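I opened a new structure today and wanted to look up its pockets, its domains and its aromatic rings. My notes are below.

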Amino acid sequence: MASEEEQNIKKACIIDGKAIAQTIRSEIASEVQQLSSKYGKVPGLAVIIVGSRKDSQSYVNMKRKACAEVGIKSFDINLPEQVSEAELIQKVQELNSQPDVHGILVQLPLPGHINEEMVLNEISIEKDVDGFHPLNIGKLGMKGREPLFKPCTPKGCLELLSRSGISVKSKRAVVVGRSNIVGLPVALLLLKADATVTVVHSRTTDSESIIREADIIIAAAGQANMIKGDWIKPGAAVIDVGTNAVDDPSRKSGYRLVGDVDFEQACKVAGWVTPVPGGVGPMTVAMLLKNTLDGAKRTIEQ
């Protein structure tokens with residue numbers, strides 16, 4: 001028989017990122033259908049992949065399948081590991097001027113001999129569906145300005161909050177991690193949504209007590225199970241962006257994926273929590289499709 005104390009524990013609501021992403025994908029599919037019947041055109045997404053990293057390959061396959069599912073045309077550009085920076089930039093420029101391509105994505109990381117910044121700066125701001133062009137990031141950071149595209153993972157995090165009925169306005173949000181891909185842009189998005197934002201990172205002292213004050217935690221540090229249950233304010237919303245492989249001999253692959261938050265512990269304290277996998281991951285792809293659709297609508301409906 002469970003003790004009275006155990007019965008009183010309210011389990012966190014688990015945010016099903018997979019289901020929410022699926023809803024968004026059906027919304028996108030019907031909009032693509034409308035574009036197609038009204039203008040005879042569909043959105044196009046070009047994905048450039050350099051080299052043969054297994055993880056990059058699997059991401060790209062996932063994106064290709066997602067495009068097919070919603071009716072977005074995908075253009076796959078596979079370049080060899082040894083490709084020169086100039087050749088890669090030339091490819092980006094070709095895609096910039098190709099009218100049936102509405103979004104261009106360069107799969108990161110790039111090989112060491114290529115300057116990532118130089119390449120990303122070449123993507124036309126109108127086709128920057130990853131949202132990483134310095135002009136898009138700059139507008140994201142400024143009051144009263146709107147970027148043409150917001151980065152996919154941060155956008156997905158906020159979408160999970162809003163579709164779960166969690167309001168951000170006037171809440172205390174703590175972002176754990178300050179990467180260009182997640183931490184920094186998600187902090188800027190939360191600020192735009194009127195949260196009070198603190199960013200905690202590897203040089204922060206006493207992160208634990210700062211995290212404990214948060215109504216909303218966005219964990220994007222890349223440290224397996226770093227955030228423990230007693231770091232979480234009761235009832236807080238926890239969005240876990242971390243994807244870390246930990247050894248698990250019981251699995252065929254020999255490992256399993258865990259987030260930056262100790263999920264079991266978090267479930268006993270938090271009000272809402274995203275699982276890993278099945279939380280933020282599917283949202284990133286859904287937001288990429290949404291950005292591609294938005295880019296296409298801007299061009300086609302002009």
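These entries follow the order in which I looked things up.

**Entry 1: the model.** I noted before anything else that this is a predicted model.

**Entry 2: domains.** I looked up how the protein chain is divided. I found domain 1 (40-126) and domain 2 (151-281). Then I checked the spacing of the two. Their centres, taken over C-alpha atoms, are separated by 28 Å.

**Entry 3: the largest pocket.** I turned to empty space next. Rolling a probe the size of a water molecule over the atoms shows where such space is left. The largest pocket holds about 1,600 Å³ of space. I counted 50 residues in its lining, and the closest to the pocket centre are Y59, M62, T243, G281 and T284.

Which elements give two or more residues to this lining? I listed α2 (17-39), α3 (54-70), β4 (103-106), α7 (152-163), β10 (255-258) and α11 (280-300). I then looked for the largest share of the lining in the largest pocket. It comes from α3, with nine residues.

I sorted the lining of the largest pocket by class. It has 26 nonpolar, 14 polar and 10 charged residues. I also checked the domains here. Domain 1 and domain 2 each give at least three residues to the lining of the largest pocket.

**Entry 4: the second largest pocket.** I moved on to the second largest pocket, with about 310 Å³ of space. I wrote down its lining in full: L108, E116, E117, L120, N121, F132, P134, I137, S179, N180, I181 and L184.

Two helices are on my list for this lining. α5 (116-122) and α6 (134-140) each supply at least two residues. The largest share in the second largest pocket is from α5, with four residues. By class, I found seven nonpolar, three polar and two charged residues in this lining.

Where does the second largest pocket lie relative to domain 1 and domain 2? Both domains give residues to its lining, so the second largest pocket lies between them.

**Entry 5: rings.** I looked for aromatic pairs last. How many aromatic pairs does the structure hold? I found zero. For this search, ring centres had to lie within 6.5 Å to count as a pair.

I then looked for a charge over a ring. R298 sits over the face of F149. I noted the distance from the ring centre as 4.7 Å.

**Entry 6: recap.** I went back to the two pockets once more. For the largest pocket, I underlined α3 as the source of the largest share of the lining. For the second largest pocket, I underlined α5.

Terms used
Residues numbered from 1 in each chain as written. Predicted model: local features only at pLDDT ≥ 70, side-chain atom pairs only at ≥ 80, totals over all residues. Heavy atoms only, no water. 1 Å grid on protein atoms, 1.4 Å probe; cavity = no way out; pocket = protein on both sides within 12 Å on 5 of 7 lines; lining within 4 Å. Points joined across faces, edges and corners; volume = space filled by probe spheres on them. Nonpolar A, V, L, I, M, F, W, Y, C, P; charged D, E, K, R; others polar. Domains from an automatic or database assignment. Phe/Tyr/Trp six-rings, centres within 6.5 Å; stacked < 30°, edge-to-face > 60°. Lys NZ or Arg CZ within 6 Å of the ring centre and 35° of its normal.
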